[in-house]
Amino acid sequence: MEVRDHAGAGPGRETADRAGAPPGRGVLEGAFHLLDVLSAAEGGAGLSELARDAGMPKATTYRLLRQLASLGAVQRHGQRYLVGRRLARLGDAWQPDPRLQAAAREPVRLLSSLTTTVTFLTVLEDDRIRVITATRGDITEVPPVLPGSELAGATAAGRVLLMHRPDDDEAPPGFTLAEWRRARTSFRRAGSIAADHQDVLPGICCVAVPVRGPDGEVVASVSALAIRPAVPAGLSELVLRASREITRNLGRADARSAE
């Protein structure tokens, strides 16, 4: 796919629409926007559906899909388009922040050991809740939680991170506006602690709290998941303690890098 510089004027200048994107959007931006729409469509989508959801003319959408298919980023089966294998491999190659991963590894391991819980650190990436590091200790009732795994926004970890978006007044994917307002109210009443009381899965409870960087900004969420019908007494305080230790580790890492 050719990407040209459209900054200059003149008779040879290609318009955004001819380049395969709506007016005001560059070729590359239009392609990524279309891939975002396609990746959200379970089971793929047809041309008309993609054009409508992306807000692009059908002809423009078709040209972009052909270009992306030639690069292996999109595949076509009959009348439906799906994310291509090449793009899927790139998604699988996502790497967590090594600084954050290192700062959280020991606190997460210790929290799991002290509480007999599945413990993990997550970050928010474009409304996706991704795992940075995790441990389940001796718990075998749940499958391993691997770095790069995605969690639902309705989980305790997801709610903690989504609450700290710059645009937290808008309901994120998976929530109606009324549900989101109730979740925000509950979160604030609980002092920035989110808890699942078998809300996501029967027999499983979870506590999640924000992790702040040295500058005070929320950079992640640390969670402890218990295979129990109720949140164990004292679990919230231990999760908060792990969060504070991760923040201290981040500060120490910053101090070392500044030397």
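This report describes the fold of one protein chain in a predicted model, from the overall content to single residues.

## Overall content

The protein has 259 residues, and 39% of them are buried. Its secondary structure comes to eight helices and nine strands. Take the contacts between residues at least 6 apart in sequence: 51% of these join residues at least 24 apart. The exposed area of the protein is about 14,500 Å², and carbon and sulfur atoms supply 51% of that area.

## The sheet of S1, S3 and S2

Three strands make an open sheet in the order S1-S3-S2, with antiparallel pairing. Strand S1 (45-46) and strand S2 (74-77) are the edge strands, since each pairs on one side only. Helix H1 (residues 27-39) packs on this sheet and touches S1, S2 and S3. The direction of H1 makes about 100° with that of S3. Helix H3 (residues 58-70) also packs on the sheet, where it touches S2 and S3. The direction of H3 makes about 105° with that of S2.

The pairing can be followed residue by residue. S1 and strand S3 (residues 80-83) are joined by two bridges in the antiparallel sense. Ala45 has Tyr81 in S3 as its bridge partner, and Gly46 has Arg80 in S3. On the S2 side, four bridges pair S2 with S3, again antiparallel. Here Arg76 stands opposite Tyr81 in S3. Tyr81 is thus named twice, as the partner of Ala45 and opposite Arg76.

S2 and S3 also form a hairpin with two residues between the strands, and Gly78 in this hairpin takes a positive phi near 65°.

## Strand S4 and its neighbours

Strand S4 (118-125) follows H5 after a loop. Six of the eight residues of S4 are buried, so S4 is largely enclosed by the rest of the structure. What does S4 pair with over seven bridges? The partner is strand S5 (residues 128-135), and the two run antiparallel. One of these pairs is Glu125 with its bridge partner Arg128 in S5. S4 also pairs with strand S9 (residues 218-226), over five bridges and in the antiparallel sense. In S9, Ser223 is the bridge partner of Phe120.

The hairpin of S4 and S5 has two residues between the strands, and Asp126 takes a positive phi near 55° there.

Just before S4 in sequence comes helix H5 (residues 98-115), which holds Ser112. Ser112 is buried, because its relative accessible area is 5% and the limit for buried is under 20%. Leaving aside residues up to four places away in sequence, Ser112 touches Thr117, Thr119, Thr135, Arg136 and Gly137.

## Residues with positive phi

Two residues in loops have a positive phi although they are not glycine; the table sets them side by side.

| Residue | Phi | Place | Relative accessibility |
|---|---|---|---|
| Thr116 | near 50° | loop between H5 and strand S4 (118-125) | 52%, exposed |
| Gln198 | about 60° | loop between strand S7 (194-197) and strand S8 (205-212) | 33%, partly exposed |

Why does Thr116 count as exposed? Its relative accessibility is 52%, and exposed means over 50%, so Thr116 falls in that class. Gln198, at 33%, counts as partly exposed because that class lies between the limits of 20% and 50%.

## Helices H6 and H7

Two packed helices are described by the angle between their axes and the distance between the axes. The axes of helix H6 (residues 156-163) and helix H7 (residues 177-189) come within 11 Å and cross at roughly 90°. H6 is therefore roughly perpendicular to H7. On the H6 side, the residues that meet H7 are Arg159, Val160, Leu162 and Met163. On the H7 side they are Trp180, Ala183, Arg184 and Phe187. By class, this contact has six nonpolar, no polar and two charged residues.

Is H6 enclosed or open? Eight of the eight residues of H6 are buried, so H6 is largely enclosed by the rest of the structure. Among these buried residues are Ala156, Ala157, Gly158 and Leu161. Arg159, one of the residues that meet H7, is also buried.

Technical notes: Residues are numbered from 1 along each chain as its sequence is written. This is a predicted model: local features need pLDDT of at least 70, side-chain atom pairs count only at pLDDT 80 or more; totals for chains, interfaces and linings use all residues. Side-chain values use heavy atoms; hydrogens and water are left out. Buried means under 20% relative accessible area, exposed over 50%, partly exposed in between (1.4 Å probe, protein chains only). Contact means heavy atoms within 4.5 Å. Accessible areas come from the Shrake-Rupley method with a 1.4 Å probe; for residues, only the protein chains shown count as cover. Axes are lines fitted to C-alpha atoms, for helices over the stretch in contact, and angles run from 0 to 180 degrees between N-to-C directions. Angles under 35 degrees count as roughly parallel, over 145 as roughly antiparallel, 65 to 115 as roughly perpendicular and the rest as oblique. Ala, Val, Leu, Ile, Met, Phe, Trp, Tyr, Cys and Pro count as nonpolar, Asp, Glu, Lys and Arg as charged, and the others, Gly among them, as polar. Two strands pair if DSSP finds at least two bridges between them.
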